[in-house]
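Trainee: I am new to this structure. Please take one part of it and go through that part closely, then relate it to what surrounds it.

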Amino acid sequence: MTREKTDFWVGLFVLLGAIALVFLALRAGNMSSFSFAPTYQVQAHFDNLGGLKVRAPVKSSGVVVGRVASIGFDNQRYQAVATLDLEQQYEFPSDSSASILTSGLLGEQYIGITPGGEEKMLKQDSEIQYTQSAVVLEELISKFLYSSASKEGGADSNASPASKP
Amino acid sequence: MISPVQSIATLGGRVRRGITGLGAFMRLTGAILIRSGVALRRPGLVTQQIHFIGNYSLLIIAVSGLFVGFVLGLQGYYTLNRYGSEEALGLLVALSLTRELGPVVTALLFAGRAGTSLTAEIGLMKAGEQIAAMEVMAVDPIRRVLAPRFWGGVIAMPVLAAVFSMVGIIGGWIVGVLLIGIDPGAFWSQMQNGVDVFNDILNGVIKSVVFGIAVTLVALHAGWTAKPTPEGVSRATTRTVVTGSLLVLGLDFVLTALMFSN
């Protein structure tokens, strides 16, 4: 076989490999969900992040408006701090609230943003003041057990630790 | 009757031979890597080897990938159906292919298809005294024969593994969506939600590169150290398949433990 012919077939072979990788990344993988739109970062402190992961979606009204950029622990306030990458095309009032929600009963966790009514908008490096922690299933069950136990005992519900909001 | 001293000496001799063999393997590896400049200076030699190793293995890899995808689709469907989560079939097929089956099965087939031919070729060159003739003509056989084959194998292997995974996913799609009738939207979206580009696909590619290096080196070493007789070449070919396959499976365990342990 001549040199040119070999080169042609090898080129085709390598091209096929590249196509396969692109197929895997775009069709099978989550490459297509990578957004290259310009973003701005805001921070939010939470008492409990639950099972939130980096790159989890940030949604508002069910639409993905950004991703969780990083997760850390604030040693001054003893709270978890999540940095969110929000896409620049979406703006939210500065008194919007962020809560950690779960898709489905046992699905992955994401951050939901509920817009507030303030005139000022969230900017780069601003902080979301109102946050709601993740619901931990074990706490929920123990709360339920405590409250039903205290009801049956006829004790005043104010003394029970579970009746705290 | 074997005396205790003798049996201890036998054991010692075995250990020594094992270590010597490993040392020879490493020296050959080093010699190939040092002389790899030829791959840049004469890329034609490497292209020829990619053609020989890669293009000729493409058919068997693609057909195997298709059937592995079919089987994954069927078996996955039977199991997932019990829990009423057939839509996760796409995720199951894609994750098992990109993480494990793609690189591993490709490497096993690669050892059988390309590794043996490399070993037999080099062993027969040795038996026909072509290697000795090269040395007489002051042509370095490691540079001229081994290094291009090494790089050809290392480049061809990830390409083949990627093709295997792609064809396998298409096979799973054919069985799951076309034959069984799972909703195609759920099939693909579950897959895209669960498969991470870096965690799963990139790690699979890294695995296939490592396997490519391992299998090609084993094949070259077996051919290079083969006894220059018909029997020696046939033994070397067998050794390539056995050692190469076992090495791939062992390395796969180590790599999986490193990559997916979190």
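Mentor: I will start with a pair of helices in chain B. This is a predicted model, and the values below are computed from it. The axes of α3(B) and helix α4 (residues 89–127) of chain B come within 9 Å and cross at roughly 145°. The crossing in which α3(B) passes α4(B) is right-handed.

The residues that meet can be read from both sides. α3(B) contributes B:I53, B:S57, B:I60, B:I61, B:S64, B:V68, B:G69, B:L72, B:G73, B:G76, B:Y77 and B:L80. Facing them in α4(B) are B:L89, B:L92, B:V93, B:S96, B:L101, B:V105, B:T106, B:L109, B:F110, B:R113 and B:A114. By class, the contact of α3(B) with α4(B) holds 15 nonpolar residues, seven polar ones and one charged residue.

Helix α3 of chain B, residues 43–82, also meets a helix of the other chain. Its partner there is helix α1 of chain A, residues 3–28; the two axes come within 9 Å and cross at roughly 55°. An angle between 35 and 65 degrees falls outside the parallel and perpendicular ranges, so α1(A) and α3(B) are oblique to each other. Their crossing is left-handed. On the α1(A) side the contact is made by A:R3, A:T6, A:D7, A:W9, A:V10 and A:F13. On the α3(B) side it is made by B:G44, B:T47, B:Q48, B:I50, B:H51, B:G54, B:N55 and B:L58. The residues of this contact divide into five nonpolar, seven polar and two charged.

That helix pair joins residues of the two chains. Taking the chains as wholes, 20 residues of chain A are in contact with 25 residues of chain B. On the side of chain A that touches chain B, twelve residues are nonpolar, six are polar and two are charged.

Now the setting of α3(B) and α4(B) in their own chain. Chain B has nine helices and zero strands. Its C-alpha trace spans about 65 × 55 × 35 Å along the principal axes. Of the 262 residues in chain B, 42% are buried. Among contacts in chain B with a separation of 6 or more, 87% are between residues 24 or more positions apart.

One loop residue of chain B can be added. B:G181 lies in the loop between α6 (141–180) and α7 (184–194) of that chain. B:G181 counts as exposed because it has 9 C-beta neighbours inside 10 Å, and the cut-off for exposed is 12 or fewer. The C-alpha atoms of B:G181 and B:T240 are 43 Å apart, with their positions 59 residues apart along the chain.

Chain A, by contrast with the zero strands of chain B, has an open sheet of eight strands with mixed pairing, in the order β7-β1-β4-β3-β2-β6-β5-β8. Its edges are β7 (127–128) and β8 (130–132) of chain A; each has a single partner strand, so one side of each is left without a neighbour in the sheet. Strand β1 (residues 39–46) of chain A pairs with strand β4 (residues 79–87) of chain A in the antiparallel sense over eight bridges. A:Q41 has A:D85 in β4(A) as its bridge partner, and A:F46 has A:A80. β1(A) also runs parallel to β7(A), to which two bridges join it; there the bridge partner of A:Q43 is A:E127.

Methods:
Residues are numbered from 1 along each chain as its sequence is written. Chains are lettered from A and ligands numbered from 1 in the order in which they are written. This is a predicted model: local features need pLDDT of at least 70, side-chain atom pairs count only at pLDDT 80 or more; totals for chains, interfaces and linings use all residues. Helices (H or I, at least four residues) and strands (E, at least two) are DSSP runs, numbered from the N terminus. A residue is buried if 20 or more other C-beta atoms lie within 10 Å of its own, exposed if 12 or fewer, and partly exposed in between; C-beta atoms are placed from the backbone. Two strands pair if DSSP finds at least two bridges between them. Two residues are in contact if their C-beta atoms, placed from the backbone, lie within 7 Å. Ala, Val, Leu, Ile, Met, Phe, Trp, Tyr, Cys and Pro count as nonpolar, Asp, Glu, Lys and Arg as charged, and the others, Gly among them, as polar. Axes are lines fitted to C-alpha atoms, for helices over the stretch in contact, and angles run from 0 to 180 degrees between N-to-C directions. Angles under 35 degrees count as roughly parallel, over 145 as roughly antiparallel, 65 to 115 as roughly perpendicular and the rest as oblique. A crossing is left-handed if the near helix is turned anticlockwise from the far one by less than a right angle, and right-handed if clockwise.
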